[in-house]
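Me: I have a structure open and would like to go through it piece by piece. Can you take some quick questions?

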Amino acid sequence: MKTFTWASILLTFLSTAFPETDSIELANGKTVHGVLSGRQSTYVALTISEGQSKAEIRLNPDEIVGIHFSDSDQKYEAIKQYPASDPYQTTILLESLVRKRLPYLELLSHSDETLFAMLLESYIQSGRASDALDRAKLWRTKLRENEVIDQLDELQIVAAKNVGELDEAVFYSKRWIDSGKSASQTALPWCVLAEKSLREGQTEDALWLALNPIVFTNPNTPRFIESAYEIAVFSAYQLNDFKYALQLYTDMKFKKLNWPIDSDKADILTKLENHDTIQSSNPWFEENSSSNASNELLKVVGAP
């Protein structure tokens, strides 16, 4: 049963443009304007005004095509300027934008959903990783855009690592990989699992995990690829395959990738950089290096 049985009486009024109000697009092609005043399980409430009179109409969510919020100018300005130099001020603005949209999560546009990922990242940048982690758990199952969900999944891993919840970071990383996603977007899940293998003394497993985004995403440069190289170089060195470690490190330099600033494995760099066999070319992709490495990886971890 429709929840706005008398709304058609106001069609002339509702079709007028109100730039300072919220608006809702309906499946029948009509657009209604007013002030969003709440959400229940069976309806979205919109308060409309004419002169001194106000009335609330209740719209069935199934008949809503889209919602346009009155703060759209602030939203687009926030997206345009992101990331800002001051994460604290950015967080305040994003919190205001997100707060208004929270009751309508499953009805949001892509750009509105993006605000939620931006806010999580702002939390992390401003030292509030635990807040980012808690909110990501609440929002992830209610958002619809795959791209935004991927962003939330990656930010969950980052936040879990930042607050020291390593087992949770491992869980999210496995979820990412088990869902069939490749490393073309981010190397982070493979890096987390590789670090776990290192902690457990499984150095060879750590090497293969770190190599996955390096080999399978070439020539792409996914996020956190520097960490994948760091772990791969370190693992190869620990396995006494010094030549292989040199090949990986040379390839990293060839691609103009920087060693992670917060690395706890930087002592290996001195040993590698002082070695007189480092080439200025890129031996990783030479005939006897790249093909063999790729073939071995395919046997161990399968196709991307």
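**Sheet, pockets and rings**

Me: Which residue in β2 is the bridge partner of D22?

Reply: D22 has G34 as its bridge partner in β2. The model is predicted, so local features need pLDDT of at least 70 and side-chain atom pairs count only at pLDDT 80 or more, while totals for chains, interfaces and linings use all residues. Residues are numbered from 1 along each chain as its sequence is written, and side-chain values use heavy atoms, with hydrogens and water left out.

Me: How many bridges join β1 to β2?

Reply: Four bridges link β1 (residues 22-26) with β2 (residues 31-39), and the two strands run antiparallel. Strands here are DSSP runs of E with at least two residues, helices are runs of H or I with at least four, and both are numbered from the N terminus. Two strands pair if DSSP finds at least two bridges between them.

Me: In what order do the five strands of the open sheet come?

Reply: The order is β4-β3-β2-β1-β5, with antiparallel pairing. β4 (53-59) and β5 (64-68) are the edge strands, each pairing on one side only.

Me: OK, pockets. What is the volume of the largest pocket?

Reply: About 590 Å³. Among its 22 lining residues, K161, S227, E230, P260 and D262 are the closest to the centre. A pocket is defined on a 1 Å grid over the protein atoms alone, as an open set of points with protein on both sides within 12 Å along at least five of seven lines; a cavity is a set where a 1.4 Å probe fits but cannot get out, and lining residues have an atom within 4 Å of a point. Grid points are joined across faces, edges and corners, and a volume is the space filled by probe spheres set on the points.

Me: Which helix gives the most to that lining of the largest pocket?

Reply: α8, with five residues. The helices α6 (146-162), α7 (166-178), α8 (188-199) and α10 (225-238) each supply at least two.

Me: Back to D262. Is D262 buried or exposed?

Reply: D262 is exposed, because its relative accessible area is 71% and the cut-off for exposed is over 50%, with buried under 20% and partly exposed in between (1.4 Å probe, protein chains only). D262 sits in the loop between α11 (242-254) and α12 (267-273). Its C-alpha atom is 10.0 Å from that of S227, and the two residues are 35 apart along the chain.

Me: And the second largest pocket, what is its volume?

Reply: About 360 Å³. It has 16 lining residues, with E121, Q151, E154, L155 and R223 nearest the centre. α6 provides the largest share of that lining, seven residues.

Me: How many cavities of 30 Å³ or more does the structure hold?

Reply: One. The volume of the largest cavity is about 50 Å³, and its lining includes P213, Y229 and K255.

Me: Switching to rings. How many aromatic pairs are there?

Reply: Five. One of them is F116 with W139, edge-to-face at 4.9 Å centre to centre and 90° between the planes. Rings of Phe, Tyr and Trp (its six-membered ring) pair if their centres lie within 6.5 Å; planes under 30 degrees apart count as stacked, over 60 as edge-to-face and the rest as tilted.

Me: Where do F116 and W139 sit?

Reply: F116 is in helix α4 and W139 in helix α5 (residues 129-139), 23 residues apart. F116 and W139 are both buried.
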